[in-house]
Amino acid sequence: EIYFVHMGLVSEEDLFAGEMSKTSQSRWGIRFVGWILLASAILISLPPFREYLGVLPIVKRLPTVGVQIFAFVFATILFLITYWMAWKKAKPFTTKLVAFLIIAIIVGMAVL
């Protein structure tokens, strides 16, 4: 049984549509916060690599920006892989699109 309490007269379809919308919004909010936390954790763990690159005279300013870009791209790839694994059985078409996006990001980073 499901209990939703609302004031006034609300149809069953409107009630469930509203609750599904709220659930979807909170789910995507939690995913976004998880992605930010993942990117932050990767960014925090990379200062030794940044210092190593800072010693090279050619790339003095690149390490800070490059490491930040790498952290966010790597976090995005990990997020998409997690999303892909979670939805592999439930939504096969969506997971094919996500798999294509993961491959495109990896190939794009390899080309750069």
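A residue is called buried when its relative accessible area is under 20%, exposed when that area is over 50%, and partly exposed in between. With these cut-offs in hand, the predicted model shown above can be read residue by residue and then as a whole.

Leu-53, which lies in helix 2 (residues 47-55), has a relative accessibility of 23% and therefore counts as partly exposed. Along the chain Leu-53 and Gly-66 are 13 residues apart, and their C-alpha atoms are separated by 10.0 Å.

Thr-95 belongs to helix 4 (residues 92-111), and because its relative accessible area is 6%, Thr-95 is buried. Which residues touch Thr-95, once its neighbours within four places in sequence are left aside? The contacts of Thr-95 are then Trp-84, Trp-87 and Lys-88.

The two residues can be set side by side in a small table.

| Residue | Helix | Relative accessible area |
|---|---|---|
| Leu-53 | helix 2 (residues 47-55) | 23%, partly exposed |
| Thr-95 | helix 4 (residues 92-111) | 6%, buried |

Helix 1 deserves a look of its own. It comprises residues 12-44, and at 1.5 Å a residue its 33 residues should span 48 Å, which agrees with the 48 Å between its end C-alpha atoms. The buried residues of helix 1 are Leu-15, Glu-19, Arg-31, Trp-35, Ala-39 and Ile-42. An α-helix has 3.6 residues a turn, so residues three or four places apart point the same way. This is a useful rule to keep in mind when reading the list of buried residues in helix 1, which includes Arg-31, Trp-35 and Ala-39.

Turning to the whole protein, the model holds four helices and zero strands, and from the N terminus on these elements run α-α-α-α. The radius of gyration is 21 Å, well over the 13 Å that the globule rule gives for 112 residues, so the protein is more spread out than a compact globule. Taken along the principal axes, the C-alpha atoms fill a box of roughly 70 × 30 × 20 Å.

How many of the 112 residues, as a percentage, count as buried? The share is 16%. The accessible surface of the protein comes to about 8,900 Å², and 73% of that surface belongs to carbon and sulfur atoms. Among contacts between residues at least 6 apart in sequence, 51% join residues at least 24 apart. Finally, the protein carries 10 positive and 6 negative charges, and the mean positions of these two groups are 22 Å apart.

Definitions and conventions:
Residues numbered from 1 in each chain as written. Predicted model: local features only at pLDDT ≥ 70, side-chain atom pairs only at ≥ 80, totals over all residues. Heavy atoms only, no water. Helix = DSSP H or I, 4+ residues; strand = E, 2+ residues; numbered from the N terminus. Rg over C-alpha atoms; globule rule 2.2 N^0.38 Å. Buried < 20%, exposed > 50% of the residue type's maximum accessible area, 1.4 Å probe, protein only. Contact = heavy atoms within 4.5 Å. Areas by Shrake-Rupley, 256 points an atom, 1.4 Å probe, with all protein chains shown as cover. Lys, Arg positive; Asp, Glu negative; His and termini not counted. Charge placed at Lys NZ, Arg CZ, Asp CG, Glu CD. Expected span 1.5 Å × (residues − 1).
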